[in-house]
Amino acid sequence: MSTDTLPVIPHWINGARTESTSGRTAPVYNPATGELRAHVALANAEEIAAAIASAQRGFEIWSAFSIAKRQTVIFAFRELLNARKGELADIITAEHGKVRSDALGEILRGQEVVELATGFPHLIKGAFSENASTGIDVYSIKQPIGVAGIISPFNFPAMVPMWFFPVAIAAGNAVIVKPSEKDPSAALWLAELWAEAGLPAGVFTVLNGDKLAVDGLLTDPVVQSISFVGSTPIAQYIYETASKHGKRVQALGGAKNHMLVLPDADLDLVADQAINAGYGAAGERCMAISVVLAVEPVADELIVKIQERIARLKIGNGAAAPEPDMGPLITAAHREKVSSYVDIAEADGATIVVDGRDFRVDGAEDGFFFGPTLIDRIPTTSRAYTEEIFGPVLEIVRVASFDEGVALINSGEFGNGTAIFTNDGGAARRFQHEIQVGMIGINVPIPVPVAYHSFGGWKASLFGDAKAYGVHGFDFFTREKAITSRWLDPATHGGINLGFPQN
Ligand code: NAD
């Protein structure tokens, strides 16, 4: 419990800011200065129960709204978000540390899903088959599932919740968002925006908390589904626990994304993309590129080009003007973890080409900065290669052929994103066919699908079979009923027949 006078970030329950009485909090920092800026409430059992009960009441009200009325609220939310997204970007930069234009970028990718959701009537239409049998019609309707839990990670405090809640709410559900305790304010801002847009109380709830709040959502019978995004061990725990409690689950986990560079690629363009995708948001993106697989003989030349570009990167407070290219990591503890992976790489015999371990920003010595790091000849047995680092660390693995590169990617634990850089269309086509990864870029380093497709990896990057947003999202947040109907008349009703109904 805090003893200072800093604000305690509350919950949003039943359409209003709700102070916590749990006596438990977690610290919220400004990572660029290292300054403690607030505390966030950690819910107790009563607060969890209150959030769920209010969401259930919200669901009962909202699901009875007509499609037209629901659509009006979602359009209003989209307009407000579009007009005021600068405020949200400031909040994200202050708590996460990513530079402001990148914070705006994440909001825009979330806004895409809101825009998809404005067209929801088309996506929740059922189907109708007239005369499936003589005089019999068969049709399906899609209904909301109820209260949906959304548990999000620190690295996209606005976009990740927005992968789910616009779709869930449009489909007639109520949602409870459990934000990361490291940057919880974005979710609260979004809650206020929904209220302004006319969403009834209880339909959008923010429950701040830690494992206690998560476990409450995973086990309470009122909560019908869990959408989780975070690290793989927690994703697996969420999937297993929520499934055991009879819920639908989509649990998106960690990543280790490779880009395969074929010798015919333009190495200047490749170096630009490796820098953008490796060091953007300080590498704290689930679709960041963390390994460059260089098909020889290009490695030496590519490393020089990447090194030249690293030297030009500006690192600093993401809220500053002019804006730097890269901000800090999320916490001091995370910086230590990233640093320990570089130690492991070095101990395992890799070459540290550019070392960010001792990097400090003048005037912001307490910020959680870590310099862009480039590692060559990382052994593929090293934990620094096999595990997710989640920092501005780019590793180079030299391979002899396309086939060796594909085999290496396919042997990994994760299957979130990958990319190939080449001008050889045949090679790109083989890559998309043979690679065991959910999202693939062809000369695109961070292939996050647009809102009308769906987002999700394979293997340890996604537990469950439902991806985020797009058609998958609407399927996840609706339950289908199939109805077989006829209007009895003597000519077609068939008399007494105890056999199984046939066509
Ligand atoms: P995290 O797993 O530590 O936390 C995610 C959420 O789970 C948070 O809300 C946290 O409060 C909760 N949580 C943490 N420990 C828990 C526990 N023991 N029991 C119950 N709940 C718990 O992840 P993070 O550090 O916030 O985010 C970074 C991770 O998220 C990276 O691994 C990254 O790859 C992954 N990520 C994946 C995707 C994707 O689309 N696959 C997208 C973004 C981030």
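This report looks at two spots in a predicted model: the start of the chain with its small sheet, and helix α13 further along.

Let's begin with L6. This residue sits in the segment before β1, the strand that covers residues 8–9. L6 counts as partly exposed, because 15 other C-beta atoms lie within 10 Å of its own. Setting aside neighbours within four places in sequence, L6 touches L36, R37, A38 and H39. Take A38 from that group: L6 and A38 are 32 residues apart along the chain, yet their C-alpha atoms are separated by just 5.3 Å.

Now for the sheet itself. It's an open one made of 3 strands, in the order β1-β5-β4, with mixed pairing. β1 and β4 stand at the edges with a single partner strand each, so one side of each has no neighbour in the sheet. β1 and β5 run parallel and are joined by 2 bridges. On the β5 side, H39 is the bridge partner of V8.

Next stop, helix α13, which spans residues 402–410. Its buried residues are F402, G405, V406 and I409. Viewed down the helix axis, they fall within an arc of 95°, so they line one face of α13. What about the other side? There, D403 and A407 are exposed.

So what do the buried residues of α13 pack against? Here are the partners:

| Element | Residues |
|---|---|
| β13 | 257–261 |
| β14 | 289–295 |
| β17 | 393–399 |
| β19 | 417–421 |
| α14 | 425–434 |

In short, the buried face of α13 packs against strands β13, β14, β17 and β19, along with helix α14.

Terms used: Residues numbered from 1 in each chain as written. Predicted model: local features only at pLDDT ≥ 70, side-chain atom pairs only at ≥ 80, totals over all residues. Helix = DSSP H or I, 4+ residues; strand = E, 2+ residues; numbered from the N terminus. Buried ≥ 20, exposed ≤ 12 C-beta atoms within 10 Å, placed from the backbone. Contact = placed C-beta atoms within 7 Å. Pairing = 2+ DSSP bridges. Arc of directions from axis to C-beta.
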